[in-house]
Amino acid sequence: MSGTASAYLIKELRRRRELAGLTQEQWGATLHWSAQHVGSIERGDRPIRLDYLTAIDKVFNCDYSTLYTLLLRAERAPVWLRPWLEHEREAIMLRWFEPILVPGLLQTEAYARAVLTQAGVAIDDVDTTVADRLSRQEILHREERPCRFVGVIDEAVLTRAVGGPAVMREQILALIAACARPNISIQVVPARVGAYPGLNGPFILASMEGRSAGFVDGPLEGQTIELEADLTRLEHTWESLREYALPGDQSVALMQEAADKWA
């Protein structure tokens, strides 16, 4: 963990202890860790370990283990992606358009691995990158206020052989299963439509409490969008392209046809 992230977590742990009105000795005794261990962590002399955070979570009913995971994930992400990951975690609704690939938050492990290994992306640790991508899906499955996901994909997403027939069939069936969840809907723009607004590239709109943000992907790096004028343009594109998408039930039927063709 980098110095900045570690310093933030140390500060947060110290704040929690002081709010509880406990000395380092009392805090350590409550957690069954030595006062020396607590002091060395708060001074930054000893790295913070997940088992220490798990003990704090259990005793004080908090969730520092998740914070630790999020900080690590953010550090591994490219610098240009980090602002968007923060918006994504806080989103109450995501509207996601993809003309090329399955949206990342709906990808299966096998599909994600195929994308990351076959698309010519320079990645040092594929396993870790795949795990990070899959862990981002937790916002759709959290118990309290799961994020609403509204996706529009091009039919080409269902017919492009990413990873081979078995991977594609599993992925499309996973999309169909996702549509059964109350917070997830996916619409498909059929190939017969031809050209329509949005074909120049994928984008995402995130709605949060009192604010919004967007993300536009690109061949080199993505860009987080926060300017109101740019967000308005994305909103207009979203509304326009949805006019070309099939209703939910017809989209699911088309996905099932595509899955059967990959069998």
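Two strands are said to pair if DSSP finds at least two bridges between them. The legends that follow apply this term to a predicted model.

**View 1. The protein chain as a whole combines 12 helices and 6 strands.** Its C-alpha atoms fill a box of roughly 70 × 45 × 35 Å, taken along the principal axes. Of the 263 residues in the chain, 44% are buried. Among contacts with a separation of 6 or more, 71% are between residues 24 or more positions apart. The accessible surface comes to about 13,900 Å², and carbon and sulfur atoms hold 52% of this area.

**View 2. Strands β2 and β3 pair in the parallel sense.** The pairing extends over 6 bridges, and within it Val152 stands opposite Gln187 in β3. Strand β3 is mostly covered, with 5 of its 6 residues buried.

**View 3. The open sheet contains 6 strands with mixed pairing.** The strands are arranged in the order β3-β2-β1-β4-β5-β6. Which strands stand at the edges? They are β3 (184–189) and β6 (223–225); each has a single partner strand, so one side of each is left without a neighbour in the sheet. On average, neighbouring strands of the sheet are turned by 15 degrees against each other when direction is ignored. Strands of a sheet pair through backbone hydrogen bonds, in either a parallel or an antiparallel manner.

**View 4. Strand β1 pairs with both β2 and β4.** With β2, strand β1 runs parallel, and 6 bridges join the two. In this pair, the bridge partner of Leu94 in β2 is Phe149. With β4, by contrast, the pairing of β1 is antiparallel and extends over 5 bridges; here Arg95 stands opposite Leu205 in β4. Is β1 enclosed or open to its surroundings, and how many of its residues are buried? Of its 6 residues, 5 are buried, so β1 is largely enclosed by the rest of the structure.

**View 5. Strands β4 and β5 form an antiparallel pair, and helix α6 packs on the sheet.** Strand β4 covers residues 203–208 and strand β5 covers residues 211–216, with 6 bridges between them. Met208 has Arg211 as its bridge partner in β5. Helix α6 (residues 82–90) touches β1 (93–98), β4, β5 and β6. The direction of α6 makes about 130 degrees with that of β5.

**View 6. Helix α11 has its buried residues along one face.** This helix comprises 15 residues, 228–242. At 1.5 Å a residue it should span 21 Å, and its end C-alpha atoms are 21 Å apart, which agrees. Which residues of α11 are buried? They are Leu231, Leu234, Trp238 and Leu241. Seen down the axis of α11, these buried residues fall within an arc of 95 degrees, so they line one face of the helix. The buried residues pack against β1, β2, β3, β4, β5 and β6. On the other side of α11, Glu228, Ala229, Arg233 and His236 are exposed.

**View 7. Helix α3 is largely enclosed by the rest of the structure.** This description of α3 (residues 35–42) holds because 6 of its 8 residues are buried. The buried residues are His37, Val38, Gly39, Ser40, Ile41 and Glu42. Just after α3, Gly44 takes a positive phi of about 85 degrees.

**View 8. Gln137 lies in the loop between α8 and β2.** Helix α8 covers residues 126–135, and strand β2 covers residues 148–154. Is Gln137 buried or exposed? Its relative accessible area is 14%, and a residue counts as buried under 20%, so Gln137 is buried. Neighbours within four places in sequence aside, Gln137 is in contact with Gly104, Leu105, Leu106 and Gln107.

**View 9. Arg181 lies in the loop between α10 and β3.** Helix α10 covers residues 165–179. Arg181 counts as partly exposed because its relative accessibility is 32%, a value in between the limits of 20% and 50%. When neighbours within four places in sequence are left aside, Arg181 is in contact with Leu140 and His141. Arg181 and Leu140 are 41 residues apart in sequence, while their C-alpha atoms are 9.5 Å apart in space.

How values were computed:
Residues numbered from 1 in each chain as written. Predicted model: local features only at pLDDT ≥ 70, side-chain atom pairs only at ≥ 80, totals over all residues. Heavy atoms only, no water. Helix = DSSP H or I, 4+ residues; strand = E, 2+ residues; numbered from the N terminus. Buried < 20%, exposed > 50% of the residue type's maximum accessible area, 1.4 Å probe, protein only. Contact = heavy atoms within 4.5 Å. Axes fitted to C-alpha atoms, helices over the stretch in contact; angles between N-to-C directions. Expected span 1.5 Å × (residues − 1). Arc of directions from axis to C-beta. Areas by Shrake-Rupley, 256 points an atom, 1.4 Å probe, with all protein chains shown as cover.
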